[in-house]
Amino acid sequence: MLTKKGVSDFEVAGKRVLVRVDFNVPITDGVVTDDARIRAALPTLNYLLEQNAKIVLLSHLGRPADAPDPAFSLAPVAPVLASLLGRPVQFVPDTVGDQARRAVAALGPGEVLLLENVRFSPEEKANDSDFARKLAGFGEVFINDAFGTAHRAHASTAGVAQYLPAGAGLLMASELDTLGALFKDPAHPFVAVLGGSKVSDKLGVIRKLIETVDTLLIGGGMAFTFEAARGNATGASLLEPDWIEPCRELMQRADDKGCLLLLPTDYVVADAFAADAHTQVVAADAIPDAWLGLDIGPATTEGYRVVLTGAKTVFWNGPMGVFEMPAFAAGTRGVAEAICESEATSVIGGGDSAAALKAFGLTGGVSFISTGGGASMKLLEGAELPGVVALDNKEG
Ligand code: ADP
Ligand code: MG
(Lines give C-alpha, C1' and ligand atoms only; values in the text may rest on other atoms or scores of the structure.)
(Ligands and ions follow the chains in the order given, each with its own letter.)
Protein backbone atom coordinates (compact mmCIF):
# COMPACT_ATOMS: atom_id res chain seq x y z
CA MET A 1 0.00 0.00 0.00
CA LEU A 2 2.60 2.47 1.12
CA THR A 3 4.78 3.29 -1.85
CA LYS A 4 6.19 6.40 -0.23
CA LYS A 5 9.60 6.67 1.34
CA GLY A 6 9.73 6.13 5.09
CA VAL A 7 12.13 7.09 7.88
CA SER A 8 14.36 4.07 7.33
CA ASP A 9 14.94 5.01 3.68
CA PHE A 10 17.15 7.93 4.70
CA GLU A 11 20.63 8.10 6.16
CA VAL A 12 19.97 10.42 9.08
CA ALA A 13 22.90 9.95 11.47
CA GLY A 14 24.15 13.37 12.56
CA LYS A 15 21.75 15.09 10.16
CA ARG A 16 19.09 17.69 10.86
CA VAL A 17 15.73 15.97 10.40
CA LEU A 18 12.71 18.23 10.17
CA VAL A 19 9.69 16.31 11.49
CA ARG A 20 6.10 17.50 11.10
CA VAL A 21 4.19 16.02 14.01
CA ASP A 22 0.60 16.42 15.16
CA PHE A 23 0.92 17.86 18.66
CA ASN A 24 -2.53 19.44 18.43
CA VAL A 25 -3.34 18.37 22.01
CA PRO A 26 -5.92 19.74 24.43
CA ILE A 27 -4.36 22.23 26.88
CA THR A 28 -6.08 23.70 29.94
CA ASP A 29 -4.36 26.42 31.98
CA GLY A 30 -1.02 25.61 30.37
CA VAL A 31 -1.26 21.88 31.10
CA VAL A 32 -1.60 19.15 28.46
CA THR A 33 -4.72 17.17 29.44
CA ASP A 34 -4.38 14.32 26.92
CA ASP A 35 -0.95 13.26 25.66
CA ALA A 36 -2.16 10.57 23.20
CA ARG A 37 -1.01 12.50 20.13
CA ILE A 38 2.41 13.13 21.66
CA ARG A 39 2.76 9.43 22.46
CA ALA A 40 1.74 8.57 18.90
CA ALA A 41 4.86 10.36 17.59
CA LEU A 42 7.26 8.49 19.88
CA PRO A 43 8.10 5.56 17.56
CA THR A 44 9.41 7.93 14.89
CA LEU A 45 11.21 10.20 17.36
CA ASN A 46 12.81 7.31 19.22
CA TYR A 47 13.94 5.77 15.95
CA LEU A 48 15.56 9.06 14.87
CA LEU A 49 17.23 9.43 18.26
CA GLU A 50 18.64 5.91 18.00
CA GLN A 51 20.13 7.03 14.69
CA ASN A 52 21.63 10.05 16.44
CA ALA A 53 19.77 12.55 14.28
CA LYS A 54 19.23 16.20 15.19
CA ILE A 55 15.47 16.59 15.47
CA VAL A 56 13.59 19.78 14.61
CA LEU A 57 9.85 19.47 15.35
CA LEU A 58 7.03 21.39 13.65
CA SER A 59 3.38 21.28 14.66
CA HIS A 60 0.22 23.31 14.74
CA LEU A 61 -1.99 23.69 17.80
CA GLY A 62 -5.62 24.72 17.59
CA ARG A 63 -6.88 27.48 15.37
CA PRO A 64 -5.08 30.72 16.29
CA ALA A 65 -6.10 33.75 14.25
CA ASP A 66 -2.99 33.66 12.03
CA ALA A 67 -1.01 35.52 14.71
CA PRO A 68 0.92 34.64 17.86
CA ASP A 69 -1.47 33.89 20.71
CA PRO A 70 -0.19 32.52 24.04
CA ALA A 71 -3.32 30.39 24.39
CA PHE A 72 -2.13 28.35 21.38
CA SER A 73 1.58 28.15 22.23
CA LEU A 74 3.26 24.76 21.96
CA ALA A 75 5.40 25.58 25.03
CA PRO A 76 3.40 23.26 27.38
CA VAL A 77 4.11 20.32 25.05
CA ALA A 78 7.91 20.43 25.47
CA PRO A 79 8.08 19.17 29.09
CA VAL A 80 5.55 16.41 28.35
CA LEU A 81 7.56 15.23 25.35
CA ALA A 82 10.79 15.48 27.36
CA SER A 83 9.46 13.18 30.04
CA LEU A 84 8.15 10.69 27.46
CA LEU A 85 11.48 10.66 25.59
CA GLY A 86 13.55 10.72 28.78
CA ARG A 87 15.73 13.55 27.51
CA PRO A 88 15.57 17.35 27.29
CA VAL A 89 13.40 19.01 24.66
CA GLN A 90 14.27 22.60 23.85
CA PHE A 91 11.42 24.94 22.92
CA VAL A 92 11.78 28.33 21.25
CA PRO A 93 8.85 30.77 20.94
CA ASP A 94 9.63 31.34 17.28
CA THR A 95 8.91 29.44 14.05
CA VAL A 96 11.05 30.83 11.21
CA GLY A 97 12.74 33.93 12.70
CA ASP A 98 16.26 34.54 14.02
CA GLN A 99 15.67 32.81 17.32
CA ALA A 100 14.51 29.65 15.57
CA ARG A 101 17.43 29.83 13.12
CA ARG A 102 19.99 30.18 15.93
CA ALA A 103 18.47 27.29 17.90
CA VAL A 104 18.48 25.02 14.82
CA ALA A 105 22.11 25.92 14.06
CA ALA A 106 23.18 25.09 17.63
CA LEU A 107 21.41 21.71 17.67
CA GLY A 108 23.65 18.67 18.26
CA PRO A 109 23.14 15.00 17.35
CA GLY A 110 20.57 13.34 19.62
CA GLU A 111 19.05 16.68 20.56
CA VAL A 112 15.42 17.71 20.13
CA LEU A 113 14.09 21.17 19.33
CA LEU A 114 10.39 22.12 19.20
CA LEU A 115 9.53 25.26 17.27
CA GLU A 116 6.47 27.43 17.95
CA ASN A 117 3.01 26.80 16.43
CA VAL A 118 3.31 26.98 12.63
CA ARG A 119 -0.18 28.51 12.45
CA PHE A 120 1.02 31.71 14.13
CA SER A 121 2.00 32.68 10.58
CA PRO A 122 -0.74 33.15 7.96
CA GLU A 123 1.75 31.75 5.42
CA GLU A 124 1.28 28.27 6.91
CA LYS A 125 -2.30 27.73 5.80
CA ALA A 126 -1.68 29.67 2.58
CA ASN A 127 1.05 27.12 1.78
CA ASP A 128 3.31 30.08 1.00
CA SER A 129 6.44 28.96 -0.84
CA ASP A 130 8.84 31.38 0.90
CA PHE A 131 7.61 30.21 4.28
CA ALA A 132 7.90 26.57 3.20
CA ARG A 133 11.44 27.22 1.97
CA LYS A 134 12.40 28.79 5.29
CA LEU A 135 11.08 25.75 7.13
CA ALA A 136 12.94 23.47 4.72
CA GLY A 137 16.14 25.36 5.53
CA PHE A 138 15.96 23.86 9.04
CA GLY A 139 16.40 20.28 7.86
CA GLU A 140 18.35 18.03 5.53
CA VAL A 141 15.52 15.50 5.44
CA PHE A 142 11.77 16.06 5.97
CA ILE A 143 9.63 13.46 7.71
CA ASN A 144 5.87 13.92 7.85
CA ASP A 145 4.35 12.03 10.79
CA ALA A 146 1.29 14.28 11.15
CA PHE A 147 -1.38 11.99 9.72
CA GLY A 148 -4.14 14.04 11.37
CA THR A 149 -3.18 17.06 9.24
CA ALA A 150 -2.28 15.21 6.04
CA HIS A 151 -5.54 16.22 4.34
CA ARG A 152 -4.43 19.87 4.48
CA ALA A 153 -2.14 21.35 1.84
CA HIS A 154 -0.23 23.62 4.21
CA ALA A 155 3.38 24.82 4.16
CA SER A 156 4.54 22.49 6.94
CA THR A 157 2.69 19.46 5.59
CA ALA A 158 2.94 19.67 1.82
CA GLY A 159 4.91 22.77 0.77
CA VAL A 160 8.10 21.97 2.66
CA ALA A 161 8.37 18.54 1.03
CA GLN A 162 9.13 20.20 -2.30
CA TYR A 163 12.47 21.46 -1.03
CA LEU A 164 13.85 18.44 0.84
CA PRO A 165 14.12 14.67 0.50
CA ALA A 166 10.80 13.70 2.11
CA GLY A 167 9.25 10.59 3.62
CA ALA A 168 6.54 9.29 5.93
CA GLY A 169 7.05 8.80 9.65
CA LEU A 170 6.18 5.52 11.35
CA LEU A 171 2.78 6.77 12.58
CA MET A 172 1.91 8.11 9.14
CA ALA A 173 2.97 4.79 7.58
CA SER A 174 0.93 2.67 9.99
CA GLU A 175 -2.16 4.86 9.47
CA LEU A 176 -1.86 4.58 5.68
CA ASP A 177 -1.19 0.85 5.81
CA THR A 178 -3.98 0.05 8.27
CA LEU A 179 -6.66 2.20 6.67
CA GLY A 180 -5.55 1.12 3.20
CA ALA A 181 -5.75 -2.57 4.14
CA LEU A 182 -9.43 -2.18 5.05
CA PHE A 183 -10.29 -2.02 1.39
CA LYS A 184 -7.48 -4.15 0.03
CA ASP A 185 -8.05 -7.61 1.42
CA PRO A 186 -10.32 -7.48 4.47
CA ALA A 187 -11.42 -10.67 6.22
CA HIS A 188 -15.19 -11.20 5.92
CA PRO A 189 -17.71 -10.68 7.39
CA PHE A 190 -16.68 -7.03 7.27
CA VAL A 191 -19.01 -4.87 9.37
CA ALA A 192 -18.91 -1.07 9.46
CA VAL A 193 -20.60 0.97 12.17
CA LEU A 194 -21.31 4.58 11.25
CA GLY A 195 -22.68 7.19 13.60
CA GLY A 196 -21.84 10.65 14.84
CA SER A 197 -23.67 13.84 14.29
CA LYS A 198 -24.05 14.58 10.59
CA VAL A 199 -24.53 12.30 7.62
CA SER A 200 -23.29 15.06 5.32
CA ASP A 201 -19.77 14.68 6.83
CA LYS A 202 -19.66 10.99 6.06
CA LEU A 203 -21.64 10.35 2.91
CA GLY A 204 -18.48 9.81 0.85
CA VAL A 205 -17.18 7.23 3.30
CA ILE A 206 -20.50 5.41 3.48
CA ARG A 207 -20.66 5.30 -0.32
CA LYS A 208 -17.18 3.76 -0.38
CA LEU A 209 -17.89 1.32 2.45
CA ILE A 210 -20.97 -0.02 0.67
CA GLU A 211 -18.63 -1.34 -2.04
CA THR A 212 -16.71 -3.50 0.42
CA VAL A 213 -18.54 -4.25 3.64
CA ASP A 214 -21.09 -7.01 4.16
CA THR A 215 -23.10 -5.10 6.75
CA LEU A 216 -23.39 -1.40 7.53
CA LEU A 217 -24.84 -0.48 10.91
CA ILE A 218 -26.16 3.08 11.21
CA GLY A 219 -26.66 5.02 14.45
CA GLY A 220 -26.08 8.44 15.97
CA GLY A 221 -27.58 11.70 14.80
CA MET A 222 -27.09 10.69 11.17
CA ALA A 223 -29.66 7.91 11.53
CA PHE A 224 -32.56 10.37 11.45
CA THR A 225 -31.87 11.57 7.94
CA PHE A 226 -32.03 7.90 6.94
CA GLU A 227 -35.27 7.57 8.93
CA ALA A 228 -36.73 10.46 6.97
CA ALA A 229 -35.55 8.74 3.79
CA ARG A 230 -37.49 5.61 4.68
CA GLY A 231 -40.56 7.70 5.48
CA ASN A 232 -40.47 7.78 9.29
CA ALA A 233 -41.24 10.87 11.38
CA THR A 234 -38.18 12.08 13.27
CA GLY A 235 -39.73 14.51 15.79
CA ALA A 236 -37.20 17.09 16.89
CA SER A 237 -34.19 14.86 16.17
CA LEU A 238 -31.15 16.03 14.24
CA LEU A 239 -32.15 16.11 10.57
CA GLU A 240 -30.41 17.30 7.41
CA PRO A 241 -33.27 17.82 4.94
CA ASP A 242 -30.95 18.35 1.96
CA TRP A 243 -29.45 14.93 2.53
CA ILE A 244 -32.64 12.87 2.65
CA GLU A 245 -32.50 12.13 -1.07
CA PRO A 246 -28.78 11.17 -1.03
CA CYS A 247 -29.55 8.84 1.91
CA ARG A 248 -32.35 7.23 -0.09
CA GLU A 249 -29.91 6.70 -2.97
CA LEU A 250 -27.37 5.17 -0.59
CA MET A 251 -29.94 2.70 0.68
CA GLN A 252 -30.81 1.76 -2.88
CA ARG A 253 -27.15 1.41 -3.75
CA ALA A 254 -26.51 -0.81 -0.74
CA ASP A 255 -29.39 -2.99 -1.90
CA ASP A 256 -27.96 -3.22 -5.41
CA LYS A 257 -24.50 -4.11 -4.09
CA GLY A 258 -25.75 -6.77 -1.69
CA CYS A 259 -24.63 -4.78 1.32
CA LEU A 260 -26.98 -5.11 4.29
CA LEU A 261 -27.60 -1.56 5.53
CA LEU A 262 -29.29 -1.70 8.93
CA LEU A 263 -31.05 1.19 10.62
CA PRO A 264 -32.06 1.21 14.28
CA THR A 265 -35.34 -0.47 15.20
CA ASP A 266 -35.72 1.61 18.36
CA TYR A 267 -34.40 4.80 19.92
CA VAL A 268 -33.99 6.48 23.28
CA VAL A 269 -35.86 9.76 22.83
CA ALA A 270 -35.80 12.77 25.14
CA ASP A 271 -38.01 15.83 25.60
CA ALA A 272 -34.94 18.09 25.66
CA PHE A 273 -31.25 18.03 24.69
CA ALA A 274 -30.19 17.75 28.33
CA ALA A 275 -28.60 15.21 30.65
CA ASP A 276 -31.64 15.25 32.95
CA ALA A 277 -34.34 15.27 30.25
CA HIS A 278 -37.31 12.91 30.45
CA THR A 279 -36.64 9.86 28.28
CA GLN A 280 -38.48 6.91 26.79
CA VAL A 281 -37.68 4.08 24.41
CA VAL A 282 -39.76 4.09 21.24
CA ALA A 283 -39.90 2.10 18.00
CA ALA A 284 -38.13 3.70 15.04
CA ASP A 285 -41.48 4.43 13.36
CA ALA A 286 -43.01 5.96 16.48
CA ILE A 287 -40.84 8.94 17.40
CA PRO A 288 -43.25 11.41 19.03
CA ASP A 289 -43.50 15.01 17.85
CA ALA A 290 -41.16 17.38 19.69
CA TRP A 291 -39.06 14.52 21.14
CA LEU A 292 -35.48 13.98 19.97
CA GLY A 293 -33.65 10.73 19.45
CA LEU A 294 -30.41 10.87 21.41
CA ASP A 295 -29.34 7.21 21.42
CA ILE A 296 -30.11 3.94 19.69
CA GLY A 297 -32.49 1.82 21.75
CA PRO A 298 -31.74 -1.41 23.67
CA ALA A 299 -33.16 -3.73 20.99
CA THR A 300 -30.99 -2.07 18.34
CA THR A 301 -27.92 -2.26 20.56
CA GLU A 302 -28.52 -5.97 21.11
CA GLY A 303 -29.05 -6.57 17.39
CA TYR A 304 -25.88 -4.67 16.49
CA ARG A 305 -23.99 -6.60 19.18
CA VAL A 306 -24.95 -9.91 17.55
CA VAL A 307 -23.81 -8.70 14.11
CA LEU A 308 -20.51 -7.38 15.50
CA THR A 309 -19.77 -10.54 17.46
CA GLY A 310 -19.67 -12.53 14.23
CA ALA A 311 -17.48 -10.05 12.35
CA LYS A 312 -13.92 -10.69 11.17
CA THR A 313 -13.23 -7.05 10.27
CA VAL A 314 -14.85 -4.01 11.89
CA PHE A 315 -14.58 -0.34 11.03
CA TRP A 316 -16.27 2.04 13.46
CA ASN A 317 -16.71 5.77 13.09
CA GLY A 318 -19.09 7.94 15.06
CA PRO A 319 -20.86 7.45 18.41
CA MET A 320 -24.32 5.83 18.44
CA GLY A 321 -25.73 8.59 20.63
CA VAL A 322 -24.89 11.61 22.73
CA PHE A 323 -22.50 9.48 24.80
CA GLU A 324 -21.22 12.57 26.64
CA MET A 325 -24.44 12.36 28.70
CA PRO A 326 -24.79 9.10 30.70
CA ALA A 327 -28.50 8.80 29.84
CA PHE A 328 -27.58 8.47 26.14
CA ALA A 329 -24.33 6.49 26.35
CA ALA A 330 -25.63 2.91 26.46
CA GLY A 331 -25.78 2.40 22.69
CA THR A 332 -22.24 3.60 22.10
CA ARG A 333 -20.99 1.58 25.05
CA GLY A 334 -22.79 -1.56 23.86
CA VAL A 335 -21.33 -1.28 20.38
CA ALA A 336 -17.85 -0.55 21.75
CA GLU A 337 -18.03 -3.58 24.06
CA ALA A 338 -19.22 -5.83 21.26
CA ILE A 339 -16.31 -4.71 19.07
CA CYS A 340 -13.87 -5.45 21.89
CA GLU A 341 -15.43 -8.86 22.55
CA SER A 342 -15.38 -9.93 18.90
CA GLU A 343 -12.29 -11.51 17.41
CA ALA A 344 -12.40 -9.10 14.51
CA THR A 345 -9.59 -6.84 13.40
CA SER A 346 -11.09 -3.55 14.50
CA VAL A 347 -10.21 -0.10 13.21
CA ILE A 348 -11.63 3.00 14.87
CA GLY A 349 -11.72 6.38 13.15
CA GLY A 350 -12.96 9.73 14.42
CA GLY A 351 -11.97 11.85 17.39
CA ASP A 352 -15.24 11.47 19.28
CA SER A 353 -15.37 7.70 18.76
CA ALA A 354 -11.85 7.45 20.18
CA ALA A 355 -12.88 9.70 23.08
CA ALA A 356 -15.88 7.44 23.76
CA LEU A 357 -13.63 4.35 23.84
CA LYS A 358 -11.34 6.15 26.24
CA ALA A 359 -14.24 7.22 28.47
CA PHE A 360 -15.39 3.59 28.65
CA GLY A 361 -11.84 2.35 29.39
CA LEU A 362 -11.92 0.18 26.26
CA THR A 363 -9.03 1.52 24.17
CA GLY A 364 -7.03 -1.66 24.78
CA GLY A 365 -9.74 -3.84 23.24
CA VAL A 366 -9.47 -2.70 19.64
CA SER A 367 -6.79 -3.30 17.01
CA PHE A 368 -6.17 0.26 15.82
CA ILE A 369 -7.37 3.74 16.70
CA SER A 370 -6.69 6.25 13.96
CA THR A 371 -5.23 9.57 15.11
CA GLY A 372 -6.79 11.36 12.17
CA GLY A 373 -10.47 12.28 12.12
CA GLY A 374 -10.86 14.29 8.94
CA ALA A 375 -7.78 12.75 7.37
CA SER A 376 -8.97 9.18 7.88
CA MET A 377 -12.39 10.04 6.45
CA LYS A 378 -10.78 11.62 3.38
CA LEU A 379 -8.48 8.65 2.90
CA LEU A 380 -11.33 6.15 3.18
CA GLU A 381 -13.36 8.17 0.69
CA GLY A 382 -10.53 7.49 -1.71
CA ALA A 383 -9.19 11.05 -1.78
CA GLU A 384 -5.49 11.82 -2.12
CA LEU A 385 -4.00 13.48 0.96
CA PRO A 386 -1.80 16.47 0.01
CA GLY A 387 0.59 15.77 2.90
CA VAL A 388 1.13 12.25 1.55
CA VAL A 389 1.16 13.08 -2.15
CA ALA A 390 4.01 15.54 -1.49
CA LEU A 391 6.32 12.82 -0.14
CA ASP A 392 8.91 11.13 -2.33
CA ASN A 393 8.02 7.82 -3.89
CA LYS A 394 10.06 4.70 -3.33
CA GLU A 395 12.13 3.62 -6.29
CA GLY A 396 11.68 0.17 -7.75
P1 ADP B 1 -16.34 11.31 15.22
O2 ADP B 1 -15.55 12.46 15.82
O3 ADP B 1 -16.11 10.02 15.95
O4 ADP B 1 -16.14 11.20 13.75
P5 ADP B 1 -18.69 12.96 14.96
O6 ADP B 1 -17.84 14.17 15.16
O7 ADP B 1 -19.29 12.74 13.62
O8 ADP B 1 -17.90 11.64 15.44
O9 ADP B 1 -19.94 12.99 15.96
C10 ADP B 1 -19.77 12.97 17.34
C11 ADP B 1 -20.89 13.70 18.02
O12 ADP B 1 -22.14 13.22 17.58
C13 ADP B 1 -20.86 13.50 19.53
O14 ADP B 1 -20.53 14.71 20.14
C15 ADP B 1 -22.28 13.06 19.86
O16 ADP B 1 -22.81 13.72 21.00
C17 ADP B 1 -23.05 13.45 18.63
N18 ADP B 1 -24.26 12.63 18.46
C19 ADP B 1 -24.37 11.30 18.43
N20 ADP B 1 -25.64 10.92 18.34
C21 ADP B 1 -26.38 12.03 18.29
C22 ADP B 1 -27.78 12.29 18.21
N23 ADP B 1 -28.68 11.30 18.15
N24 ADP B 1 -28.18 13.59 18.20
C25 ADP B 1 -27.29 14.58 18.26
N26 ADP B 1 -25.96 14.40 18.36
C27 ADP B 1 -25.51 13.15 18.37
MG1 MG C 1 -15.90 14.57 15.82
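1. Start with the lining of the largest pocket: by class, its residues split into 16 polar, 10 nonpolar and nine charged. Bear in mind as you look around that this is a predicted model.

2. How big is that pocket? The volume of the largest pocket comes to about 950 Å³. It is lined by 35 residues, and if you want to find its centre, look for D22, R37, G351, T371 and G373, which are the closest to it.

3. Now for the elements around the largest pocket. α13 (351-359) is among those that give at least two residues to the lining, along with α1 (36-40), α7 (170-184), β17 (368-369) and α14 (373-381). Of these, α13 has the largest share, with four residues.

4. Next, the second largest pocket, with a volume of about 640 Å³. Here 34 residues form the lining, and G196, S197, K202, P319 and D352 sit closest to the centre. You'll meet α13 and α14 again, since each supplies at least two residues of this lining, as does β14 (292-296). By class, the second largest pocket is lined by 14 polar, 13 nonpolar and seven charged residues.

5. Away from the pockets, have a look at the largest nonpolar core, which has 70 residues. Which of them touch the most other members? Those are I206, L216, I218 and F226. Take I206: leaving out residues up to four places away in sequence, I206 touches L194, V199, L216, M222, F226 and L250.

6. There is also a second core, separate from that one, made of 32 residues. Among them are L45, V77, A78 and I143.

Technical notes:
Residues are numbered from 1 along each chain as its sequence is written. Chains are lettered from A and ligands numbered from 1 in the order in which they are written. This is a predicted model: local features need pLDDT of at least 70, side-chain atom pairs count only at pLDDT 80 or more; totals for chains, interfaces and linings use all residues. Side-chain values use heavy atoms; hydrogens and water are left out. On a 1 Å grid over the protein atoms alone, a cavity is a set of points where a 1.4 Å probe fits but cannot get out, and a pocket is an open set with protein on both sides within 12 Å along at least five of seven lines; lining residues have an atom within 4 Å of a point. Grid points are joined across faces, edges and corners, and a volume is the space filled by probe spheres set on the points. Ala, Val, Leu, Ile, Met, Phe, Trp, Tyr, Cys and Pro count as nonpolar, Asp, Glu, Lys and Arg as charged, and the others, Gly among them, as polar. A nonpolar core is a set of buried Ala, Val, Leu, Ile, Met, Phe, Trp, Tyr and Cys residues joined through side-chain atoms within 4.5 Å. Buried means under 20% relative accessible area, exposed over 50%, partly exposed in between (1.4 Å probe, protein chains only). Contact means heavy atoms within 4.5 Å.
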